[in-house]
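Open the model in your viewer and set it to show side chains and ligands. The stops below can be taken in order.

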Amino acid sequence: MKLKEKASFDNLLKEVVERKLCNRCGGCVSFCSADRIGALEMGKDGFPRYANREKCLECGICYLVCPQTHNLREEVREKFGWSEPVGLCQDVLSARATDPEVQKAATDGGVVTGLLLFMLESGLIDGAVVSEQTGFFDRRAVVATSREALLSAAGSHWAETSHLEHVGSEYSTYVSIIPTIRELAPKSVIKLAVVGTPCQIEAIRKMQVLRILPADVVTFAVGLFCMQSFALNELMEKEFARKHQMDMRDVAKVNIKDDFVLKMKSGITMHIPLDEVETIARPACLACVDFANVYADIAAGGLGSPDGYTTTLIRTIGGKRVFTEAVRRGYIEERRGEGRGKGREAERAERARILGLIEAASEKKRARGEKRLSQLKA
Ligand SMILES: Cc1cc2nc3c(=O)[nH]c(=O)nc-3n(C[C@H](O)[C@H](O)[C@H](O)COP(=O)(O)OP(=O)(O)OC[C@H]3O[C@@H](n4cnc5c(N)ncnc54)[C@H](O)[C@@H]3O)c2cc1C
Ligand code: SF4
Ligand code: SF4
Ligand code: SF4
């Protein structure tokens, strides 16, 4: 393992935060708070900072788990079966949740929420770390332990949510109440699914490689495809917003597929080229190289599927088991149409079409990220 000598949070501040590469995933803070060290916290600006420098043990783990330090890459790839060009892939298809309430609340086909519902109601997980909308532009990470909570968190929120920091603090809370929980259910062990962008899932996988808290409670990772994230309110400043006299309060739904899609309450749909939205992407996102969430158990996005369906990339054996069972139990249905159910040849062609789109998007993002990183080095 390439553990940098004496790398600590000071190195992380210098190499990642000050270079504007921090994506605010909260990974560094989550270890420090889950292990009760408490040297770090997420600041009001959304970036990590010292809460109490005196408490820092200089263990260097915050540096190791950060997805932007690019260490442990070989170890993570080996453990999670990474392969060219888009990571492990057991199957790729379009699907949707069968529940009309999920379909209505979801960004695409609601596969993510449908899978979480299945896992929760079958007892495979005790809860899921999701991102709940608390206001028009505000959201926060929560551990959803009920159908209602999962439904209210469905849909995509475009700015980053520091999920991992929440896993850490939730875990700490859980630990502090363990004696009580044990009294009620002596053998209970907390099992969480996490929904996250590629950077968040990578930080979790790094923690799992290092076998450190709080990643031991994460038993399933649903990864979202991600080209970039940004603050919706900054869109208002854009030329096209002025041109179309657009008010973000009139937006009913947002999505990214080939382009950025805004569905207005009036019924009008606007398509904005991704290049335009790129100018308000977080600097860290422009240096990020993972589109297809290569270390997730199941990755999901809109790219390649018609409206109302989620492109579902089943990566691990665990992912395959969960997806197959969710279909068998009626939570999820595969799209029957182009390809699926139309014979082996047609299925193969449809699978190749979707994979081709994912590969092209992954390549585009990788090239953009590498260019940006080399500019930063220069
Ligand atoms: C920042 C971001 C960028 C994306 N970029 C692309 C893209 O370029 N191309 C593409 O094809 N798809 C992209 N997606 C994925 C897409 O928008 C859908 O989330 C995906 O298709 C799953 O749809 P669904 O209907 O199955 O999910 P749903 O059933 O609606 O569930 C979505 C789940 O994701 C959680 N969530 C929402 N926002 C966040 C967030 N910011 N961080 C962590 N979890 C969150 C929700 O709480 C919910 O649990 C992006 C998503 C996000 C959040
Ligand atoms: S104690 Fe370890 S994880 Fe916490 S800030 Fe210091 S080096 Fe980082
Ligand atoms: S672990 Fe996440 S929050 Fe911490 S410095 Fe790295 S990118 Fe930023
Ligand atoms: S583009 Fe990369 S850094 Fe930005 S939110 Fe997506 S996965 Fe994270």
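**Ligand shells, then the loops**

Start with ligand 3 in this predicted model. Select Leu12, Cys22, Asn23, Arg24, Cys25, Gly26, Gly27, Cys28, Pro48, Cys66 and Pro67, and you have the residues that surround ligand 3. By class, this shell holds 7 nonpolar, 3 polar and 1 charged residues.

Next, go to ligand 4. The residues around ligand 4 are Asn23, Pro198, Cys199, Cys226, Met227, Gln228, Ser229, Cys285, Cys288 and Lys365. Here the division is 6 nonpolar, 3 polar and 1 charged.

Now select Asp290, in the loop that runs between α14 (283–286) and β11 (298–301). Beyond its neighbours within four places in sequence, Asp290 is in contact with Pro198, Cys226 and Lys365. Which side chain of opposite charge is nearest to Asp290? It is that of Arg315, 5.9 Å away; Asp290 is buried and has no salt bridge. A polar atom of the Asp290 side chain does lie 3.1 Å from the backbone nitrogen of Val294.

Stay in the loop between α14 and β11 and pick Asn293. Its phi is near 55°, a positive value in a residue other than glycine. Asn293 is buried, with a relative accessible area of 0%.

Move to His70, in the loop between α3 (61–65) and α4. The phi of His70 is also positive, near 55°. Is His70 buried or partly exposed? Its relative accessible area is 31%, so His70 is partly exposed.

Finish at Pro85, in the loop between α4 (73–79) and β3 (91–97). The peptide bond leading from Glu84 into Pro85 is cis, with omega near -10°.

Notes
Residues are numbered from 1 along each chain as its sequence is written. Chains are lettered from A and ligands numbered from 1 in the order in which they are written. This is a predicted model: local features need pLDDT of at least 70, side-chain atom pairs count only at pLDDT 80 or more; totals for chains, interfaces and linings use all residues. Side-chain values use heavy atoms; hydrogens and water are left out. Helices (H or I, at least four residues) and strands (E, at least two) are DSSP runs, numbered from the N terminus. Buried means under 20% relative accessible area, exposed over 50%, partly exposed in between (1.4 Å probe, protein chains only). Lys and Arg count as positive and Asp and Glu as negative; His and the chain ends are not counted. A salt bridge is a side-chain nitrogen of Lys or Arg within 4 Å of a carboxyl oxygen of Asp or Glu. A polar contact is a pair of N or O atoms within 3.5 Å; within protein, one must be able to donate a hydrogen and the other to accept it, and residues adjacent in sequence count only if both atoms are side-chain atoms. Contact means heavy atoms within 4.5 Å. A residue is near a molecule or strand if one of its heavy atoms lies within 4 Å of it. Ala, Val, Leu, Ile, Met, Phe, Trp, Tyr, Cys and Pro count as nonpolar, Asp, Glu, Lys and Arg as charged, and the others, Gly among them, as polar.
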